Amino acid sequence: MIRRITRREALIGAGAAGLALSLPPASAADVRMHHIPSSGEALPPVGLGTSRVFNSVSGENQRAALVEVLEALFAGGTLVDTSPMYGNSETHLGELLPLAAGNETMFCATKVWTEGRESGVRQMRESMEKMGLDRIDLMQVHNLVDWEVHLETMREMKADGAFRYIGITTSNPRQFADFERVMQAADWDFVQLNYSLGEREAEQRLLPLAQERGMAVMVNRPFVRGDLFRRVGNKELPDVAAELGCDSPGQLFLKWILGHPAVTCVIPATTKVKHMVDNLGAGLGPLPDADQREAIAAWL
């Protein structure tokens with residue numbers, strides 16, 4: 001449930017709105033939209049992950065910083081992905097979303113991460129309550145946990161209007177063989193998986209299968225928890241960056257992912273508004289073709 005906001009917090013939120021709007025993020029009209037195969041609905045290609053960034057929030061300064069991140073997102077994107085696995089992330093989203101201008105555009109994705117039908121129903125309902133939402137855009141089974149039981153429940157709840165889409169997730173290549181079988185076993189609207197220049201295993205079988213089965217692909221761990229930035233260090237951007245309108249390594253890494261035809265969206269996590277704005281820049285301009293993707297990979 002959403003708690004009452006103090007006047008000071010509201011003023012902090014207003015200040016965050018001013019900061020986000022003073023930066024040069026993409027407007028929704030400028031973003032190269034992708035589409036969800038099962039419905040054709042347009043979706044901005046860059047969203048926000050909340051793992052490790054929304055679970056621990058203390059003090060008004062940190063709250064204000066996360067409101068800035070949300071407002072920067074909503075200036076050019078919509079998707080926020082979270083999970084009960086991420087500590088108090090859902091609770092904190094429920095507290096901070098009312099402070100963030102543009103929150104009415106949010107595409108909310110969360111997950112069920114428990115065993116058993118009744119426990120799953122309870123957890124999914126609690127997620128809605130924590131975030132103050134009457135409906136979840138995308139409910140996903142987290143890391144395959146009891147997926148057959150939850151799939152039946154999610155189908156029922158989707159039919160009742162609690163969810164708009166259903167999906168399943170992994171972030172571990174050791175699960176990819178099982179994940180492939182699960183993708184074959186049901187008509188998921190979304191699959192979420194790890195894919196990046198540092199973790200390319202998904203392009204062998206899972207991404208082609210998603211295209212074949214008409215499933216949207218949401219990509220997590222796009223920077224491999226910062227490892228890609230450490231690998232490039234202070235190297236100058238390659239010539240391909242100018243061709244693609246990229247002015248940062250992060251935008252190149254994200255555009256490389258989005259250049260795969262199976263990928264619908266990517267969800268880098270951040271606590272900094274400048275990084276959120278930079279990430280959204282990957283949703284502007286052309287996407288790399290095969291040769292340009294190879295040039296980016298060679299630069300890394």
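1. Leaving aside neighbours within four places in sequence, V53 is in contact with L66, A269, T270 and T271. The residue lies in the loop between β3 and α2 (60-74). V53 and A269 are 216 residues apart along the chain, yet their C-alpha atoms are separated by 6.8 Å. With a relative accessibility of 11%, V53 counts as buried, because the cut-off for that class is under 20%. This note concerns a predicted model, and the points below should be read with that in mind.

2. The sheet comes next. Eight strands form an open sheet in the order β3-β4-β5-β6-β7-β8-β9-β10, and their pairing is parallel. The edges are taken by β3 (48-49) and β10 (265-266); each has a single partner strand, so one side of each is left without a neighbour in the sheet.

3. Strand β5 (residues 107-112) deserves its own point. Six of its six residues are buried, so the strand is largely enclosed by the rest of the structure. Its side chains split into two sets: F107, A109 and K111 point one way, while C108, T110 and V112 point the other way. Both sets are buried, K111 included.

4. On one pairing, β5 meets strand β4 (residues 79-81) in the parallel sense, over three bridges. Within this pair, L79 stands opposite F107 of β5, and D81 has A109 as its bridge partner. The connection between the two strands involves helix α3 (residues 89-96): β4, α3 and β5 make a right-handed β-α-β unit.

5. The other pairing of β5 is with strand β6 (residues 136-141), again in the parallel sense, and it runs over four bridges. A109 appears here too, with L138 as its bridge partner in β6. Helix α4 (residues 117-131) belongs to this part of the fold, since β5, α4 and β6 make a right-handed β-α-β unit.

6. The largest pocket holds about 840 Å³ of space. Its lining consists of 35 residues, and those nearest its centre are S51, R221, P222, R225 and A269. The elements giving two or more residues to this lining are α8 (227-232), α10 (249-258) and α11 (273-280). Of the elements, α11 gives the most, with three residues. By class, the lining has 17 polar, 11 nonpolar and seven charged residues. A269 is thus a point of overlap with the first paragraph: this residue is among those nearest the pocket centre and is also a contact of V53.

7. The second largest pocket contains about 150 Å³ of space. It is lined by 11 residues, with L97, N103, E104, M106 and L133 nearest its centre. Here the lining has seven nonpolar, three charged and one polar residue.

8. A last point concerns H260, placed in the loop between α10 and β10. Its relative accessible area is 11%, and H260 is therefore buried. Not counting residues up to four places away in sequence, H260 touches Y195, E203, L207, Q211 and R293. The loop that holds H260 leads from α10 to β10; α10 is one of the elements contributing to the lining of the largest pocket, and β10 stands at an edge of the sheet.

Note on methods:
Residues are numbered from 1 along each chain as its sequence is written. This is a predicted model: local features need pLDDT of at least 70, side-chain atom pairs count only at pLDDT 80 or more; totals for chains, interfaces and linings use all residues. Side-chain values use heavy atoms; hydrogens and water are left out. Buried means under 20% relative accessible area, exposed over 50%, partly exposed in between (1.4 Å probe, protein chains only). Two strands pair if DSSP finds at least two bridges between them. A crossover is right-handed if, with the strands pointing away from the viewer, the path from the first strand over the helix to the second runs clockwise. On a 1 Å grid over the protein atoms alone, a cavity is a set of points where a 1.4 Å probe fits but cannot get out, and a pocket is an open set with protein on both sides within 12 Å along at least five of seven lines; lining residues have an atom within 4 Å of a point. Grid points are joined across faces, edges and corners, and a volume is the space filled by probe spheres set on the points. Ala, Val, Leu, Ile, Met, Phe, Trp, Tyr, Cys and Pro count as nonpolar, Asp, Glu, Lys and Arg as charged, and the others, Gly among them, as polar. Contact means heavy atoms within 4.5 Å.
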